[in-house]
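Visitor: I would like to go through this protein fold by fold and contact by contact. Please keep the answers short and give the reasoning.

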Amino acid sequence: MRLLAAVFIAIAAAAPAAPRTIDITVFFTGKTHAENVLKVSFKKPVPLIVDSVGGTGDRGDFVLIDTVHEGDKPVRQRKWILHAMGPNRYGGSLSDAVGPVDILVSGAGATIRYTMKGGLNIEQVIEVQDGGRTATNRVVAKKFGLTFAHVDGTIRKLD
């Protein structure tokens with residue numbers, strides 16, 4: 001019997017793991033908590049904590065409300081409104097952005113691009129980790145092709 005159990009364990013260990021994939025609206029439905037560090041050029045790093053609540057809005061779009069705690073600055077809120085634009089692609093708006101938000105999903109990662117007020121071009125990459133309840137978060141802010149700030153952190157699903 002022990003030999004049979006050992007064989008099953010060996011087979012399970014040798015089986016390829018299911019590939020990680022992210023469904024951006026499923027991941028952000030409900031409550032999430034992000035712990036990040038914001039590093040702006042020539043300034044000390046500051047904590048950037050984002051608590052979010054997401055779900056389907058009254059028009060059928062996906063709505064995500066972020067409560068942002070950035071260092072010693074006053075707490076602020078921002079609102080994302082997203083809709084599917086085809087397989088693996090979302091579009092929409094963000095209250096901090098000028099112009100549209102574009103999201104491309106590929107496997108475990110989602111790449112989010114938009115331009116902020118002031119002309120900062122943002123590229124954010126979120127990559128879901130094994131288990132699907134946490135994701136890495138990496139943001140780069142550029143202007144004139146130069147990196148002005150970056151964010152590194154982790155996002156966790158709370159429910």
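**Strands, core and charged pairs**

Visitor: What runs E1-E2-E3-E4-E5-E6-E7-E8-E9-E10 in this model?
Guide: The model is a predicted one. Its strands pair in the antiparallel sense. In the order E1-E2-E3-E4-E5-E6-E7-E8-E9-E10 they make a closed barrel of 10 strands.

Visitor: By how many degrees are neighbouring strands of this sheet turned against each other on average?
Guide: The sheet in question is the closed barrel of 10 strands. With direction ignored, the average turn between neighbouring strands is 20°.

Visitor: How many bridges join E1 to E10?
Guide: E1 and E10 run antiparallel. One point of register is asparagine 36, which stands opposite glycine 153 in E10. The number of bridges joining E1 to E10 is nine.

Visitor: Which residue in E10 stands opposite alanine 135?
Guide: E9 and E10 pair in the antiparallel sense over 10 bridges. Their hairpin has two residues between the strands, and phenylalanine 144 takes a positive phi near 55° there. Opposite alanine 135 stands a residue of E10, isoleucine 155.

Visitor: Is asparagine 137 buried or exposed?
Guide: Asparagine 137 lies in strand E9. Leaving aside neighbours within four places in sequence, its contacts include Gln124, Val125, Ile126, Val151 and Asp152. Its relative accessibility is 7%, and the cut-off for a buried residue is under 20%. Asparagine 137 therefore counts as buried.

Visitor: Which side chain does a polar contact of 3.1 Å join to that of asparagine 137?
Guide: Among the contacts of asparagine 137 outside its sequence neighbourhood of four places are Asn36, Gly153 and Ile155. The polar contact of 3.1 Å is between side chains, and the partner is asparagine 36.

Visitor: How many salt bridges does a search of the whole structure find?
Guide: Side chains of opposite charge can pair when their charged atoms come close. One such pair here is arginine 138 with aspartate 152, at 2.8 Å from N to O. The search of the whole structure finds seven.

Visitor: Where does aspartate 96, the salt-bridge partner of arginine 78, lie?
Guide: The closest N and O atoms of arginine 78 and aspartate 96 are 3.8 Å apart. The pair links distant parts of the chain, 18 residues apart, with arginine 78 in strand E4. Aspartate 96 is in the loop between strand E5 and strand E6.

Visitor: Are arginine 78 and aspartate 96 buried or exposed?
Guide: Arginine 78 has a relative accessible area of 16%, and aspartate 96 also has 16%. A residue is called buried under 20%. Arginine 78 is therefore buried, and aspartate 96 is likewise buried.

Visitor: With which residue does glutamate 123 form a salt bridge?
Guide: The closest N and O atoms of this salt bridge are 2.9 Å apart. The pair links strand E8, which holds glutamate 123, to strand E7, 10 residues apart in the chain. E7 and E8 themselves pair in the antiparallel sense over seven bridges. The partner of glutamate 123 is arginine 113.

Visitor: Why is arginine 113 called partly exposed?
Guide: Partly exposed is the class between the buried limit of 20% and the exposed limit of 50%. Glutamate 123, at 34% relative accessibility, counts as partly exposed. Arginine 113 is partly exposed because its relative accessible area is 40%.

Visitor: Which element gives the largest share of the largest nonpolar core?
Guide: The largest nonpolar core has 32 residues, and Ile22, Phe28, Trp80, Val101, Ile103 and Tyr114 touch the most other members. Four residues come from the element with the largest share, E6.

Visitor: Is phenylalanine 42 buried or exposed?
Guide: Phenylalanine 42 lies in the loop between strand E1 and strand E2. Although it is not a glycine, phenylalanine 42 has a positive phi of about 65°. Its relative accessible area is 90%, and the cut-off for exposed is over 50%. Phenylalanine 42 is therefore exposed.

Visitor: What is the phi of asparagine 88?
Guide: Asparagine 88 is found in the loop between E4 and E5. At 47% relative accessibility, asparagine 88 counts as partly exposed. Its phi is positive in a residue other than glycine, near 65°.

How values were computed: Residues are numbered from 1 along each chain as its sequence is written. This is a predicted model: local features need pLDDT of at least 70, side-chain atom pairs count only at pLDDT 80 or more; totals for chains, interfaces and linings use all residues. Side-chain values use heavy atoms; hydrogens and water are left out. A salt bridge is a side-chain nitrogen of Lys or Arg within 4 Å of a carboxyl oxygen of Asp or Glu. Buried means under 20% relative accessible area, exposed over 50%, partly exposed in between (1.4 Å probe, protein chains only). A polar contact is a pair of N or O atoms within 3.5 Å; within protein, one must be able to donate a hydrogen and the other to accept it, and residues adjacent in sequence count only if both atoms are side-chain atoms. Contact means heavy atoms within 4.5 Å. A nonpolar core is a set of buried Ala, Val, Leu, Ile, Met, Phe, Trp, Tyr and Cys residues joined through side-chain atoms within 4.5 Å. Two strands pair if DSSP finds at least two bridges between them. Axes are lines fitted to C-alpha atoms, for helices over the stretch in contact, and angles run from 0 to 180 degrees between N-to-C directions.
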